[in-house]
Protein chains: 4
Amino acid sequence: MLRDDAGSPPENYPESLIRDRSVETLHLRKKVPVAILGATGSVGQRLIQLLAHHPWFQIVALCASEKSQGKTYKEAVTWIQTTPLPEAIGLLPVLSCEPNFPYKIVFSGLSSSVAGDVETAFAKAGCVVISCAKNHRMDPDVPMLVPEVNIEHIDLVKEQKFPDGGMILTKPNCTVIGLALALKPLAVEFGIEALHVTTLNASSGAGFPGVPSLSLLDNLIPYIEDEEEKIETELSKVLGSYSHAIVQDYPLKISASCTRVPITEGHTEIVSVKLKRQATKEELIRIWREFSPPIQDLKLPMSPTHIIHYFDEKDLPQPKLQRDLERGMA
Amino acid sequence: MLRDDAGSPPENYPESLIRDRSVETLHLRKKVPVAILGATGSVGQRLIQLLAHHPWFQIVALCASEKSQGKTYKEAVTWIQTTPLPEAIGLLPVLSCEPNFPYKIVFSGLSSSVAGDVETAFAKAGCVVISCAKNHRMDPDVPMLVPEVNIEHIDLVKEQKFPDGGMILTKPNCTVIGLALALKPLAVEFGIEALHVTTLNASSGAGFPGVPSLSLLDNLIPYIEDEEEKIETELSKVLGSYSHAIVQDYPLKISASCTRVPITEGHTEIVSVKLKRQATKEELIRIWREFSPPIQDLKLPMSPTHIIHYFDEKDLPQPKLQRDLERGMA
Amino acid sequence: MLRDDAGSPPENYPESLIRDRSVETLHLRKKVPVAILGATGSVGQRLIQLLAHHPWFQIVALCASEKSQGKTYKEAVTWIQTTPLPEAIGLLPVLSCEPNFPYKIVFSGLSSSVAGDVETAFAKAGCVVISCAKNHRMDPDVPMLVPEVNIEHIDLVKEQKFPDGGMILTKPNCTVIGLALALKPLAVEFGIEALHVTTLNASSGAGFPGVPSLSLLDNLIPYIEDEEEKIETELSKVLGSYSHAIVQDYPLKISASCTRVPITEGHTEIVSVKLKRQATKEELIRIWREFSPPIQDLKLPMSPTHIIHYFDEKDLPQPKLQRDLERGMA
Amino acid sequence: MLRDDAGSPPENYPESLIRDRSVETLHLRKKVPVAILGATGSVGQRLIQLLAHHPWFQIVALCASEKSQGKTYKEAVTWIQTTPLPEAIGLLPVLSCEPNFPYKIVFSGLSSSVAGDVETAFAKAGCVVISCAKNHRMDPDVPMLVPEVNIEHIDLVKEQKFPDGGMILTKPNCTVIGLALALKPLAVEFGIEALHVTTLNASSGAGFPGVPSLSLLDNLIPYIEDEEEKIETELSKVLGSYSHAIVQDYPLKISASCTRVPITEGHTEIVSVKLKRQATKEELIRIWREFSPPIQDLKLPMSPTHIIHYFDEKDLPQPKLQRDLERGMA
């Protein structure tokens, strides 16, 4: 995904990213039309919120389940984001989740109960499917990308056998993203042997309607279905090494414990890491502050300037204060 | 509902209450068996919590929707009360909501989507149905009781044409109960011309799952479906006068505004009343403190000692501090 | 406060605003230096947050109580805003609250325990003091401004007898601002006879540390010191008419009831108005939507495009969803 | 602390507990008079709440700081407990924190800023001081008791050199109590090598006023002063072994991480333990369920029937549901 002013790609840049025809259109002045699957759900809404003002993409199609079809998006959705629904988006018709339109790039906010088959159908129809659902994450030929951590995994898509450039890309569970970002520089520099993580998950992570308020007001729920398992399996793949068309899991012992806490947005994770080589606190902070993966050289429009923020203040970070840091991307 | 030691009923005590055969069994030493409809829902759970240790009643049958039938109650329910589910209750089988059992007294926590027909079916089968649902509240021959306010309305049941002593009794919406209690002594003493009420409804009022946590954490929702209408229609009936087998609505102008607030339990109401005759603050407080309706003379097991608590402290009442006052019955 | 491109002031524009020398500097390309009193408190922090990126003003002096003096602002403050403390502001020294500097414009976030005398001292030293404190609000020669509502009150300052252009301007209590904005067009069009308002005040309104979390989590507090009195007295002045160098209170009967609710930011008010002349719902909405006071023609940098937002959706507005509407200025 | 019907003390029962004269009075029919230090603070209020209806103790003296003296307790206190202040307690005068009264047993809810010296003064005056403050916890001759875990430590008091039977007893930090109870049976059965604990502390733990609501609503604070250090030092002492008049710390590696969460009451701890000898899940559950320390044989009035509750349900325990289990003592 190169911009006109970005010059040559950095060395060792994944081939598939450079050659992909659908991505080259990004050089053009015109915005690239994109569709959103599962548009009325909370993940779909968040995708709309993030993409509505994106300099490269133009949302042109919104797909959702049968009960929303035939309505305008505004009629169909219970909008729960903190910024208003853009008026133009609200007027779009809600379409069915079938690949009967000409757009190549499709973001999926589908729930896991249907995402597996629907996403495959779109890939078979030649679409580039960027999925937030868990269904295809652990498929051996599907990359689970955190661009700052493992952009080279994208070449896995060459093993996918969809026609017309169709492909499926995934991202890991949201708690894994932050964790992978924090651990990647440590893995490179010191090696990681074992990991103990306690996540404190906000209400937003459960989607909508998600957790009833009667269960969460003035309460903690020390169990989130599948969440501990996801962290344990996904993290190893995200941190894994890519070679010869496969991703080899990063070998580390992970123990995870997840608790739902009564806050709106912003997950917090408390992590203990056993490194292979001893590090001082100063080394750790320096390595985090200097962390600058190749993807940042591209200066993508949504990239944060600094990916990892280390706070000297002993009572930071706090969800309320750092929630909007770098527009929520740090 | 007389106890052995209660002596003669107070003067003007409703006839039907005294003569009703099903109620006379209460004099017996043995507990009266009761059934609960809609037992797995949040209202049903609350009924179980209140009746589980009641000196007169013994819960013997729990009825719920098809998907719970054939399970034990413990398997079928997502128990969300703050006191543990009594073990013996948990072992009861969940039955269908059909009147094919020998018990005469039935408490209904059914949702309004089904309560209308099911409750009628039980009354036709000769049961005394005590309902928390809204469906029959405004029926002209169904009393909507707040025992401390309008116990004489109970004679309305004589107009009901169900066989074998079958009858339907209802209670008003929860915000109306508190309001009616506070207003009754004022209506008697001064007359009420108009009323403006703002209710701040806790999450519990919406049932379970009710309001999503993502909607209510750190938020207010200034609209509750039907709630304002319910207050406006139900309050007039509850405060109404009974004579010649009909309840005449109390003539007052009501404006209500309802807001859902992020607290677990305990509704707060802010009320402005226009009285027909001017009253001093001292008169008001005295009248509230002295309010002692006939039903209290019966010393029923769940009756609070004082129904209305007036707080001199200007920052009281607060839901957190007064929630459990007189076991939640004041 | 005219911008270069704003052309002539609108007709009937207050004289003092046009002639005031200190304000004319705003036409200059250079930013106007300003000082902030009470800079470490929650109101002071909010002033810094709002002014830090203002196109006309440059914060150059931060004044606070003795215990902060001699420190940098970053050392002295417990920053509780949701956007980070601007780095350059953090490095400023904390000064004493004495008028021994050359800046003419002073924003005061002082607490009411000291604001009265300190603000007077600055005005006597020739400063234009724009105060958020309550101390001088009801002084007969001090305007209490909501620019969209009563900008003409600003001429009151001509009655103040401070030397060298010194003057004190105030704004009303935060709940009064929203109320005055909503009521002004109704007062103009229909006349207002009486008003009943219930405010649901967020935690932020109590300053910092303000209300203990133990008091407010899962709770409501139906009393806020002085708040009801402030609404009742301040609203009449804000809506009052200016002529012959005095502001005549708007004659209306106000009853206010204030409750602290467990949300972070965003006050909600539930208002019943008795108009002098009957209005239909459609008239009300049209009048709100068309409300465009003279100040808006100036297109001031912080002015919202629309001051009043009317929502057709019956469950709006909600603090969480509309908190950031028009950058918090609507 | 033996009751008449308790028969002989269990074998190995601490000598000092049996011989202590002040405790023998408990055999009498009359209640033992006790005083409370720091009575107006949140710990003091909690002590009053717990002792007000205690079958053995009678609260007769309430001591607090100078600004409360000369008032009745009701006038002096901002009562923040969820049960009402007992009327008789409210009428007691507030006394100074000086040992000029005849009562032998003194419960201290003093804040750590003054507890050290004041408690010593009372012990010197011959009082048995039972302290909730941290000041004397780590003194080598002061026992830090969790009666179900280390009742034998009580013999440490024989090393204290106060006259007339004066002595100081302490309890550990609240998060350490739950932790010690859960770990004690594991330490006995398997040995503990290392421990990783994440605590999620409720607002109540910070006392009153404690954490501002603006800091905690919709937020987490990943730092609590001293809390991690307290867990690390106190736990080793509580689990330590007593012999020859000293307590030897239990040798284990502890890492603790503490976060304040926005709930009213009920701390949650997420613990990983490395045992010296491998245990199966079934062994662990059995050992917890069978845990029955000698102190339980005494059937003390406030003792829970079961100290440790193991929940099969994977989403339990939750602060809201289990908060009141065994009256808060489990």
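The following exchange concerns the core, one interface and selected salt bridges of a predicted model.

In this predicted model, local features need pLDDT of at least 70, side-chain atom pairs count only at pLDDT 80 or more, and totals for chains, interfaces and linings use all residues. Residues are numbered from 1 along each chain as its sequence is written, chains are lettered from A and ligands numbered from 1 in the order in which they are written, and side-chain values use heavy atoms, leaving out hydrogens and water.

Colleague: Which helix gives the most to the largest nonpolar core?

Modeller: A nonpolar core is a set of buried Ala, Val, Leu, Ile, Met, Phe, Trp, Tyr and Cys residues joined through side-chain atoms within 4.5 Å; buried means under 20% relative accessible area, exposed over 50%, and partly exposed in between (1.4 Å probe, protein chains only). The largest such core has 31 residues, and A:Leu183 and A:Leu235 are among those with the most contacts inside it. Several elements of chain A each supply at least two residues, including strand S7 (192–201) and helix H8 (174–189), where helices (H or I, at least four residues) and strands (E, at least two) are DSSP runs numbered from the N terminus. With seven residues, the element that gives the most to this core is H8(A).

Colleague: How many salt bridges cross the interface of chain A and chain B?

Modeller: The area buried between the two chains (accessible area, 1.4 Å probe, lost on being put together and summed over both) is about 1,400 Å², with carbon and sulfur atoms giving 74%. A:Ser213, A:Leu214 and A:Leu217 supply 46% of what chain A buries against chain B. A salt bridge requires a side-chain nitrogen of Lys or Arg within 4 Å of a carboxyl oxygen of Asp or Glu; across this interface the count is zero.

Colleague: How many residues apart in sequence are the parts that B:Asp226 and B:Lys134 tie together?

Modeller: The side chains of B:Asp226 and B:Lys134 meet in a salt bridge at 2.9 Å, N to O. B:Asp226 lies in the loop between helices H9 and H10 of chain B, and B:Lys134 in the loop between strand S5 and helix H7, so the pair joins parts whose separation in sequence is 92 residues.

Colleague: Is D:Arg137, the partner of D:Glu234 in a salt bridge, buried or exposed?

Modeller: The side chains of D:Glu234 and D:Arg137 meet at 2.8 Å, N to O. D:Glu234 has a relative accessible area of 3% and is buried. At 4% relative accessibility, D:Arg137 likewise counts as buried.
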